[in-house]
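Thank you all for making time this morning. I would like to walk you through one model, and I ask that you keep the picture in view while I talk.

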Amino acid sequence: MAKLVSKVYGDALFSAALEENKLDEVWEEVRQISSILEENKAFVDMMNHPEMTREKELALMDEIFQGKVSDIMMGFLHILVKKGRFGQIDSVLQYFDKKAKEYKKIGVVFVTTPTPLTDAQKEKIEKRLSETSNYESLEMNYAEDASLLGGIRIRIDDRVVDNTIQTKLEEMTRKLSKVRV
């Protein structure tokens with residue numbers, strides 16, 4: 001259900017931003033609001049409190065965001081509050097962000113290695129991924145995980161390239177467990 005809510009409202013916001021030719025502006029507002037909500041959990045809790053009336057929620061929204069965000073975003077926030085969907089705002093904003101990245105052909109890449117990569121290694125990975133993907137630009141995320149032992153794991157969307165020693169050892173273990181002696 002939450003996935004459906006984020007899709008319906010995220011698609012509506014995305015369509016409105018495209019129609020008004022303000023995708024970049026709305027996308028920046030989405031990122032800013034996401035950051036504000038992340039930093040101010042008390043505000044989110046207050047907005048979701050059962051004793052808060054819709055009128056109070058709308059007044060609070062106006063007080064905080066009126067004049068600071070576009071009319072598209074203000075209307076979107078009002079609709080979320082009026083429909084009682086403010087509790088799903090995080091998932092809606094995440095959905096919008098993902099949809100905007102798809103539209104702009106920005107690939108989100110997660111690279112995990114057992115040790116930190118040098119700048120030259122990162123540049124080589126980014127260059128290779130740019131050459132082999134359909135994305136116009138890449139948003140790179142690097143992480144270390146010593147349990148991998150060696151190699152590299154790259155994830156783009158739902159595709160994973162796992163060339164780690166850990167995975168190879170697990171595959172060998174599975175194959176050896178099937179051998180009959």
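Let me start at the hairpin made by β3 and β4, where two residues sit between the strands and where Asp157 takes a positive phi near 55 degrees. Please bear in mind throughout that this is a predicted model. The two strands of that hairpin, β3 and β4 (residues 159-164), pair in the antiparallel sense over six bridges, and if you look for one of the matched positions, you will find that Ile156 has Arg159 in β4 as its bridge partner.

From β3 we can step across to β1, since these two strands also pair in the antiparallel sense, here over four bridges, with Phe110 standing opposite Arg155 in β3. What does β1 do on the side of β2, and in which sense do they pair? The answer is that β1 and β2 pair in the parallel sense, over eight bridges, and Ile106, for instance, has Ser137 in β2 as its bridge partner. Between these two strands the chain passes through a helix, and β1, helix α7 (residues 119-132) and β2 together make a right-handed β-α-β unit.

How many of the eight residues of strand β1 are buried? In β1, which covers residues 106-113, the count is seven of eight, and the strand is therefore described as mostly covered. As a general reminder for those new to sheets, side chains in a regular strand alternate between the two faces of the sheet.

Let me now turn to charges. In general, side chains of opposite charge can pair when their charged atoms come close. In this model the count comes to 11 salt bridges, and I will pick out a few of them. Lys104 forms a salt bridge with Asp24, and the closest N and O atoms are 2.8 Å apart. Because Lys104 lies in the loop between α6 (89-103) and β1, while Asp24 lies in helix α2 (residues 23-39), this pair ties together parts that are 80 residues apart in sequence. Both ends are partly exposed, Lys104 with a relative accessible area of 30% and Asp24 at 49% relative accessibility.

A second salt bridge joins Lys101 and Glu139, whose closest N and O atoms are 3.0 Å apart. Since Lys101 lies in helix α6 and Glu139 in strand β2, the pair ties together parts that are 38 residues apart in sequence. Is Lys101 buried or exposed? With a relative accessible area of 11%, Lys101 falls under the 20% cut-off and is therefore buried, whereas Glu139, at 30% relative accessibility, counts as partly exposed.

A third example stays inside one helix: the side chains of Glu131 and Lys127 meet in a salt bridge, at 3.9 Å from N to O. These residues are four apart in helix α7, so they are separated by about one helical turn, and both of them are exposed. Finally on this topic, Lys7, Asp11 and Lys99 are linked in a network of salt bridges.

Next come the aromatic rings. A search of the whole structure finds three aromatic pairs. In one of them, the rings of Phe14 and Tyr103 have their centres 5.6 Å apart and their planes at 75 degrees, and the pair is edge-to-face because that angle is over 60 degrees. This pair links distant parts of the chain, with Phe14 in helix α1 (residues 2-19) and Tyr103 in helix α6, 89 residues apart. The two partners differ in cover, since Phe14 is buried, with a relative accessible area of 5%, and Tyr103 is partly exposed, with a relative accessible area of 49%. Phe14 and Tyr103 also belong, together with Phe96, to one aromatic cluster.

Let me close with the surface. Which residues make the nonpolar surface patch of about 380 Å²? They are Leu149, Ile165, Leu169 and Met172. Leu149 lies in the loop between β2 (137-144) and β3 (151-156), and because its relative accessible area is 54%, Leu149 counts as exposed.

One last residue is Ile79, which has its place in helix α5 (residues 71-82) and counts as partly exposed at 43% relative accessibility. The C-alpha atoms of Ile79 and Tyr135 are separated by 33 Å, and the two residues are 56 residues apart along the chain.

Definitions and conventions: Residues are numbered from 1 along each chain as its sequence is written. This is a predicted model: local features need pLDDT of at least 70, side-chain atom pairs count only at pLDDT 80 or more; totals for chains, interfaces and linings use all residues. Side-chain values use heavy atoms; hydrogens and water are left out. Patches are made of residues with over 30% relative accessible area and no salt bridge: like charges are joined within 9 Å, nonpolar side chains (Val, Leu, Ile, Met, Phe, Trp, Tyr) within 5 Å. Accessible areas come from the Shrake-Rupley method with a 1.4 Å probe; for residues, only the protein chains shown count as cover. A salt bridge is a side-chain nitrogen of Lys or Arg within 4 Å of a carboxyl oxygen of Asp or Glu. Buried means under 20% relative accessible area, exposed over 50%, partly exposed in between (1.4 Å probe, protein chains only). Two strands pair if DSSP finds at least two bridges between them. A crossover is right-handed if, with the strands pointing away from the viewer, the path from the first strand over the helix to the second runs clockwise. Rings of Phe, Tyr and Trp (its six-membered ring) pair if their centres lie within 6.5 Å; planes under 30 degrees apart count as stacked, over 60 as edge-to-face and the rest as tilted.
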